[in-house]
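Please open the model in your viewer and keep the selection tool at hand. We will go from stop to stop, and at each one I will tell you what to pick and what is there.

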Amino acid sequence: MAGDIEVRVQAMRYEAEDVLSVELVPTQGQTLPSFEPGAHIDLHLTANLARSYSLLSDPEAAASHYQIGIFHDPATRGGSRFVHLNLRPGQLVRITGPRNNFRLVEAASHSIFIAGGIGITPFLAMAQRLNKLSRPWTLYYAARTRAKAAFLDRLLKLAANGLGVVEIGRAH
């Protein structure tokens with residue numbers, strides 16, 4: 001696949017019930033392309049299976065690794081099932097370079113985000129960026145249960161500097 005990038009699965013981590021984060025690193029001493037908060041990559045899992053995932057890692061660390069979050073929906077036969085059941089650290093996979101159709105407006109006087117479930121992933125990179133710019137933000141995050149609220153500890157740490165506010169609600 002022309003233009004694809006080969007990466008290695010460096011680590012996989014349990015983030016919440018049915019949610020794993022996957023850390024991808026470049027191979028052969030390469031670096032990864034930079035990205036802006038809100039960007040996503042396509043993860044090519046097999047010859048006929050590719051899925052898009054938002055990058056949740058710090059954009060300033062992009063050259064060394066990307067991190068994505070993947071919810072395992074037991075009813076799906078697609079990418080999330082493949083990742084949870086088959087992907088393991090050490091494996092090589094191919095990705096597309098980052099694309100961004102969900103840009104952060106960095107000049108906003110106050111950013112307000114609304115997310116549910118795994119839809120939280122792009123807001124992690126956005127909150128990190130706003131913290132670095134000393135811009136205030138508020139995140140409204142809905143999850144079915146607290147156990148399913150992925151990346152919650154990380155979000156609360158991002159908000160601990162006084163710039164961010166995280167409001168947690170229950171999705172029905």
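**Stop 1: a hairpin and its other neighbour**

Begin with strands β1 (residues 5–16) and β2 (residues 19–26), which pair in the antiparallel sense over 8 bridges. Strands here are DSSP runs of E with at least two residues, helices are runs of H or I with at least four, and both are numbered from the N terminus. Two strands pair if DSSP finds at least two bridges between them. This is a predicted model, in which local features need pLDDT of at least 70 and side-chain atom pairs count only at pLDDT 80 or more, while totals for chains, interfaces and linings use all residues. Residues are numbered from 1 along each chain as its sequence is written, and side-chain values use heavy atoms, with hydrogens and water left out.

Select Arg 13 and Ser 21 to see a bridge pair between β1 and β2. The two strands form a hairpin with 2 residues between them, and Asp 18 in the turn has a positive phi of about 70°. Now add β6 (residues 92–95), which runs antiparallel to β1 and is joined to it by 4 bridges. Ile 5 has Ile 95 of β6 as its bridge partner.

**Stop 2: the parallel sheet**

Next, select β7, β8 and β9: they form an open sheet of 3 strands in that order, with parallel pairing. Which strands stand at the edges? They are β7 (111–116) and β9 (164–170); each has a single partner strand, so one side of each is left without a neighbour in the sheet. The twist averages 15° from one strand to the next (angles run from 0 to 180 degrees between N-to-C directions, with axes fitted to C-alpha atoms, for helices over the stretch in contact).

Strand β8 (residues 137–143) pairs with β9 over 7 bridges. Pick Leu 139 to find Val 166 of β9 opposite. Helix α2 packs on this sheet, touching β7 and β8, and its direction makes about 160° with that of β7. Helix α3 lies across β8 and β9, running at about 145° to β9.

**Stop 3: two helices side by side**

Show α2 (residues 121–132) with α3 (residues 152–159): they pack at an angle of about 15°, with their axes 10 Å apart. They are therefore roughly parallel to each other (an angle under 35 degrees). On the α2 side, the contact (heavy atoms within 4.5 Å) is made by Leu 124, Ala 127, Gln 128 and Asn 131, and on the α3 side by Arg 154, Leu 155 and Leu 158. These residues divide into 4 nonpolar, 2 polar and 1 charged. Here Ala, Val, Leu, Ile, Met, Phe, Trp, Tyr, Cys and Pro count as nonpolar, Asp, Glu, Lys and Arg as charged, and the others, Gly among them, as polar.

**Stop 4: inside α2**

How many of the 12 residues of α2 are buried? The helix is mostly covered, with 10 of them buried (under 20% relative accessible area, 1.4 Å probe, protein chains only). Among them are Phe 123, Met 126 and Leu 130. The buried residues pack against β4 (49–54), β5 (66–71), β7, β8 and α3.

Zoom in on Gln 128 in this helix. Gln 128 counts as buried, at 12% relative accessibility. Leaving aside neighbours within four places in sequence, Gln 128 is in contact with Leu 56, Ser 57, Asp 58, Arg 154 and Leu 158. To finish, select Ser 134, which follows α2 and has a positive phi, near 55°.

Notes: Angles under 35 degrees count as roughly parallel, over 145 as roughly antiparallel, 65 to 115 as roughly perpendicular and the rest as oblique. Buried means under 20% relative accessible area, exposed over 50%, partly exposed in between (1.4 Å probe, protein chains only).
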